[in-house]
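Biologist: Thanks for sitting down with me. Could you walk me through how you arrive at the labels you use?

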Amino acid sequence: MLLKDFLMKIINGFKWFFSVLGESHRSRVTELTSYEERELENIFILLLMGSFAGIPSPPAFLAVELFPYLEHELRVLEARAKDSSDALAELAGLMDIG
Amino acid sequence: MKTFFFTGKGGTGKSTMASAAAWQLALTDKRVLAVSFDPAHNLGDIFGLKLSHKKKRYDKKLYLMEVNLEKASVKYIKENINLLESIYSYLKPFNMDRYFQILKYSPGIEEYASLTAMEELLRIEKENFDYIIIDTPPTGLTVRILALPVVTLSWIDRLKKIRGSILEKRYTIHNINGRISKEGIKLAYKESDDMVMKKLKEIEMRFMRLRTFLEGNDNSIVVVFNPDFLSLKESERLINALKELKLPFRIAINNKVEDKYTEEAERIEKKLLRNNDYVKLIRIKRMEPALKKAYTMVDNLTEVLL
């Protein structure tokens with residue numbers, strides 16, 4: 001019984017190890033796509049809010065009607081605005097430089 | 001239901017012509033609604049009634065209404081701001097909600113509110129009336145309002161494309177990682193689940209319907225002009241804009257023509273309508289201001305309108 005428990009623990013440990021390994025691999029694979037996706041979200045919300053920043057933009061009412069569903073994109077925009085001075089570092093990190 | 005938009009330079013007699021047309025159509029036993037979208041309303045003055053945002057019965061078959069543009073924009077903004085504030089309540093500590101309040105001063109909101117009011121009116125009253133006569137604001141604003149559906153549709157198209165590629169990327173990430181969520185928010189990766197895409201499609205449908213109606217057979221644009229140089233220049237610009245927007249300019253009314261200047265009036269008509277052979281032309285003589293009831297029309301407009 002004790003041996004069985006012990007073996008199960010070892011097996012579960014291996015399972016956990018490989019799942020984390022797999023996950024980390026997967027997240028490395030999707031890193032670039034995630035980056036692209038985040039940039040696109042940023043562009044999307046920036047386009048909608050452009051009239052407030054002075055860039056040509058769709059009529060303001062379109063933004064008004066879409067805002068209620070854009071919480072995530074607004075957060076992305078805020079985060080991008082905060083990191084904007086360090087964009088190079090992010091890119092370097094993404095490409096494993098340094 | 002048929003609609004007539006009476007457009008033209010300020011002071012050419014748009015409201016007078018629209019009122020006359022509405023009255024004459026009602027006399028032929030048609031159910032008519034005359035609506036004024038001009039911020040400086042005259043419809044009530046012409047019929048001697050105090051009109052408001054709600055339609056008022058003037059005669060058995062004739063109803064009148066003056067759209068309050070300010071009210072319409074405030075209503076539109078309020079609805080959306082309330083929705084925003086209820087969703088983004090966590091932004092209150094950062095005063096972000098104030099940012100939404102200033103939206104009401106953003107350019108273009110008034111035009112959009114008038115267009116929304118127009119779309120709503122046409123949708124609701126479609127069954128109740130045979131004819132809807134619309135008295136429009138002066139040229140510049142009218143063209144901007146009528147151009148909105150086309151401009152908006154091209155923007156929606158672009159936004160839909162960007163949204164589409166966002167969803168595509170999310171789908172890829174979901175397939176590899178098995179999930180896609182950030183900061184506890186589960187992100188949609190299918191078009192059918194994405195509220196933003198849904199809303200974009202909904203707005204697109206609304207504008208498509210409106211554009212189809214405005215360009216369709218049941219809608220006519222009437223250009224009212226006077227036989228003078230300035231009116232000719234502005235009407236030319238208006239007609240060009242209508243052509244660009246593919247809006248059906250069908251009737252031209254040359255108003256306030258004096259007998260002694262008939263030749264000049266003819267010259268202006270020819271110049272204005274040189275490439276518009278299919279447009280019906282009505283010439284209306286200047287009325288004697290001494291007449292107390294100056295709004296009794298001599299010429300019958302219904303022959304052309306019906």
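Modeller: Gladly! Let's begin with a definition: buried means under 20% relative accessible area, exposed means over 50%, and partly exposed lies in between. Keep in mind that this is a predicted model.

Biologist: Why is Ile10(A) called partly exposed?

Modeller: Its relative accessible area is 35%. Partly exposed covers the range between 20% and 50%, so Ile10(A) at 35% earns that label. Ile10(A) sits in helix H1 of chain A, which spans residues 2-48.

Biologist: What makes Ile10(A) eligible for a nonpolar surface patch?

Modeller: Patch residues need over 30% relative accessible area, and Ile10(A) has 35%, so Ile10(A) passes that cut-off. The patch also includes Leu3(A), Phe6(A) and Trp16(A), among others, and its members together have about 1000 Å² of accessible area.

Biologist: Now chain B. How do you know whether Leu62(B) is buried or exposed?

Modeller: Its relative accessible area is 0%. Buried means under 20%, so Leu62(B) is buried. Leu62(B) belongs to strand E4, residues 62-66 of chain B.

Biologist: Which residues is Leu62(B) in contact with, leaving aside neighbours within four places in sequence?

Modeller: Ala22(B), Trp23(B), Ala26(B), Val32(B), Phe47(B), Lys56(B) and Arg57(B). As for Arg31(B), it is 31 residues from Leu62(B) in sequence, with 6.3 Å from C-alpha to C-alpha.

Biologist: And what does chain B come to in secondary structure?

Modeller: Chain B has 10 helices and 10 strands. Of its 306 residues, 50% are buried.

Technical notes:
Residues are numbered from 1 along each chain as its sequence is written. Chains are lettered from A and ligands numbered from 1 in the order in which they are written. This is a predicted model: local features need pLDDT of at least 70, side-chain atom pairs count only at pLDDT 80 or more; totals for chains, interfaces and linings use all residues. Side-chain values use heavy atoms; hydrogens and water are left out. Patches are made of residues with over 30% relative accessible area and no salt bridge: like charges are joined within 9 Å, nonpolar side chains (Val, Leu, Ile, Met, Phe, Trp, Tyr) within 5 Å. Accessible areas come from the Shrake-Rupley method with a 1.4 Å probe; for residues, only the protein chains shown count as cover. A salt bridge is a side-chain nitrogen of Lys or Arg within 4 Å of a carboxyl oxygen of Asp or Glu. Helices (H or I, at least four residues) and strands (E, at least two) are DSSP runs, numbered from the N terminus. Buried means under 20% relative accessible area, exposed over 50%, partly exposed in between (1.4 Å probe, protein chains only). Contact means heavy atoms within 4.5 Å.
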